[in-house]
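Me: I'd like a close look at one part of this model. Could you walk me through the salt bridges and the strands they connect?

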Amino acid sequence: RIMKYALITVLSFFLAAYATAAEISFSIPQTGEQYTNVEVRLDTTGERINAIRGELRYTPASPNQGEPNGAEFAGWHDGNSIINLWIRRPSANGSTISFEGIIPGGYEGSGGLLLTMQFRGGGEISLSLTEQSQAFLNDGEGTPTNISAQPFTFSVQERTGGLPEKD
């Protein structure tokens with residue numbers, strides 16, 4: 001009986017340590033003249049986060065197989081971001097957008113804006129967070145913790161004009 005309680009206690013400890021401490025969400029607040037904005041926001045689920053490493057994968061999703069899809073990543077900006085120091089500014093490599101940043105003093109809350117991504121072209125895009133993404137707690141040790149996000153699919157309207165300016 002004691003062994004049973006000890007096992008439950010140990011399992012509870014490991015499951016709690018593996019629990020997701022932060023969640024990423026995506027939203028489209030407005031559509032610009034030349035691009036579609038997608039906000040990337042952080043909900044810390046009660047933890048204080050002081051750094052984040054994000055890797056987002058986007059996939060042009062054609063509703064009709066064989067039809068070309070011209071939707072693509074066009075840029076980003078960090079106006080009003082909770083990230084004050086960029087270790088690696090957002091950049092695209094193929095269909096992966098990576099970034100790393102520090103939040104001095106940490107952030108605890110929901111809806112904290114990390115960055116706004118811009119897409120252009122025409123078609124649908126599916127956006128997801130990869131397993132390489134991680135948040136770090138503001139606990140004096142920078143303890144790594146998992147982050148999660150629900151996949152997000154959205155339409156990019158085809159527009160004419162040049163690329164947006166980066167902040």
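What percentage of the 167 residues in the chain is buried? And once that's settled, which residues form the salt bridges, and where do they lie?

Reply: Quick caveat before the tour: this is a predicted model, with local features needing pLDDT of at least 70 and side-chain atom pairs counting only at pLDDT 80 or more, while totals for chains, interfaces and linings use all residues. Numbering starts from 1 along each chain as its sequence is written, and side-chain values use heavy atoms, with hydrogens and water left out.

To your opening question: 38% of the 167 residues are buried (under 20% relative accessible area; exposed is over 50%, partly exposed in between, with a 1.4 Å probe and protein chains only). The chain exposes about 9600 Å², and carbon and sulfur atoms supply 48% of that (Shrake-Rupley areas, 1.4 Å probe; for residues, only the protein chains shown count as cover). There are one helix and twelve strands, and the helix comes ahead of the strands in the sequence pattern (DSSP runs numbered from the N terminus: H or I of at least four residues for helices, E of at least two for strands).

Now the part you asked about. The whole structure has five salt bridges (a side-chain nitrogen of Lys or Arg within 4 Å of a carboxyl oxygen of Asp or Glu). Let's take three of them.

Start with Arg120 and Glu72, whose closest N and O atoms are 2.7 Å apart. Arg120 sits in strand β7 (residues 112-120) and Glu72 in strand β4 (residues 72-77), so this salt bridge links distant parts of the chain, 48 residues apart. Both partners are partly exposed, Arg120 with a relative accessible area of 30% and Glu72 at 31%.

Those two strands belong to an open, five-stranded sheet with mixed pairing, in the order β4-β7-β2-β1-β11 (strands pair if DSSP finds at least two bridges between them). β4 and β11 (147-149) are the edge strands, each pairing on one side only, and the twist averages 25 degrees from one strand to the next (axes are lines fitted to C-alpha atoms, with angles from 0 to 180 degrees between N-to-C directions). Over at the β11 edge, strand β1 (residues 22-27) pairs with β11 in the parallel sense over three bridges, with Ala22 opposite Ile147.

Back to the salt bridges. Asp78, in the loop between β4 and β5 (85-93), partners Arg89 in strand β5, eleven residues away; their closest N and O atoms are 3.4 Å apart. Here the two ends sit on opposite sides of the burial cut-off: Asp78 is buried at 19% relative accessibility, whereas Arg89 is partly exposed at 45%.

β5 also holds one end of the third pair, Glu100 and Arg88, which meet at 3.0 Å from N to O. Glu100 lies in strand β6 (residues 96-107) and Arg88 in β5, so the salt bridge ties together parts that are twelve residues apart in sequence. Glu100 is partly exposed at 21%, and so is Arg88 at 35%.

What's nice here is that the backbone tells a matching story: Glu100 is also the bridge partner of Arg88 in β6. The two strands pair in the antiparallel sense over six bridges and form a hairpin with two residues between them, where Gly94 in the turn has a positive phi of about 65 degrees.
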